[in-house]
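Colleague: Could you walk me through this one over coffee? I would like to start with the backbone and then move on to the overall shape.

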Amino acid sequence: MPASFSKNSRKYSRNIHLWLSLIIFIPVIIVIASGLLLQVKKEFDWIQPPTQKAQILQTNGPTISFDDVLHAVKQLPEVSLNSWDDIDRLDVRPTKGIIKVRGKNHWEVQLNAQNGDVLQVAYRRTDTIEAIHDGSWFFEGAKLWLFLPAALLLFVLWVTGLVMLYNTLKSKYRKNKFRQPLNNS
């Protein structure tokens with residue numbers, strides 16, 4: 001390769017690397033920070049409440065009805081789950097003997113699947129952190145029009161970083177190869 005190509009590619013890669021780094025700085029920091037929180041979500045109850053375990057009396061799954069589930073969560077005024085419209089999903093864990101009731105307001109109630117006793121009531125932050133992580137928390141199109149392009153540009157940064165690394169290593173190799181040892185005799 002001509003020496004001018006190597007110098008031009010190095011300069012071009014550095015320019016691209018610099019400006020893209022500045023453009024994607026904020027979305028990438030958000031993804032990294034929220035990703036770190038999601039990595040440790042099971043370690044901190046503040047992020048995601050731990051899954052309780054109930055004593056299982058029967059092995060054939062939950063015995064309480066949907067009406068019993070709704071009645072149990074309605075008795076807890078702090079969670080404001082008064083109808084099925086307030087509930088996002090039910091997470092049934094037969095091996096642990098529980099039913100997690102997750103509200104649209106991010107409150108979670110864990111019930112004993114056999115008798116409907118409340119095992120735990122806690123606020124669940126993982127859904128919010130996941131929405132921040134993928135960009136959907138910010139506005140409707142952020143996931144597709146801000147965070148996806150930032151991810152693509154991050155890939156370009158990786159490629160330009162490899163070009164700069166290759167050029168640096170090649171330059172050092174050439175300097176070492178053509179360096180003459182000094183003879184003082």
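Modeller: Happily; let us begin with a hairpin. Strands E3 and E4 form a hairpin with five residues between the strands, and Gly116 there takes a positive phi near 85 degrees. Strands here are DSSP runs (E, at least two residues) and helices likewise (H or I, at least four), numbered from the N terminus. This is a predicted model, in which local features need pLDDT of at least 70, side-chain atom pairs count only at pLDDT 80 or more, and totals for chains, interfaces and linings use all residues. Residues are numbered from 1 along each chain as its sequence is written, and side-chain values use heavy atoms, with hydrogens and water left out.

Colleague: How many bridges join E3 to E4?

Modeller: Strand E3 covers residues 107-112 and strand E4 covers 118-123, and the two run antiparallel. Two strands pair if DSSP finds at least two bridges between them. Gln110 stands opposite Gln120 in E4. The number of bridges joining E3 to E4 is five.

Colleague: Which residue in the loop between E2 and E3 has a positive phi although it is not a glycine?

Modeller: The loop in question follows strand E2 (98-103) and leads to E3. The residue has a phi of about 75 degrees and is partly exposed, with a relative accessible area of 24%. Buried means under 20% relative accessible area, exposed over 50%, and partly exposed in between (1.4 Å probe, protein chains only). The residue is His106.

Colleague: Is Ser80 buried, exposed or partly exposed?

Modeller: Ser80 sits in the loop between helix H2 (66-74) and strand E1 (87-93). Ser80 is not a glycine, yet its phi is positive, at about 55 degrees. Its relative accessibility is 42%, so Ser80 counts as partly exposed.

Colleague: Which residue just after H3 takes a positive phi?

Modeller: Helix H3 spans residues 126-134, and its buried residues are Thr126, Asp127, Ile129 and Ala131. Just after H3, a phi of about 95 degrees is taken by Gly135.

Colleague: Zooming out, what radius of gyration does the protein have?

Modeller: The protein has four helices and four strands, in the order α-α-β-β-β-β-α-α. Its C-alpha atoms fill a box of roughly 90 × 45 × 25 Å along the principal axes. The radius is taken over C-alpha atoms, and the globule rule is 2.2 Å times the number of residues to the power 0.38. A compact globule of 185 residues would come near 16 Å, but the protein has 28 Å.
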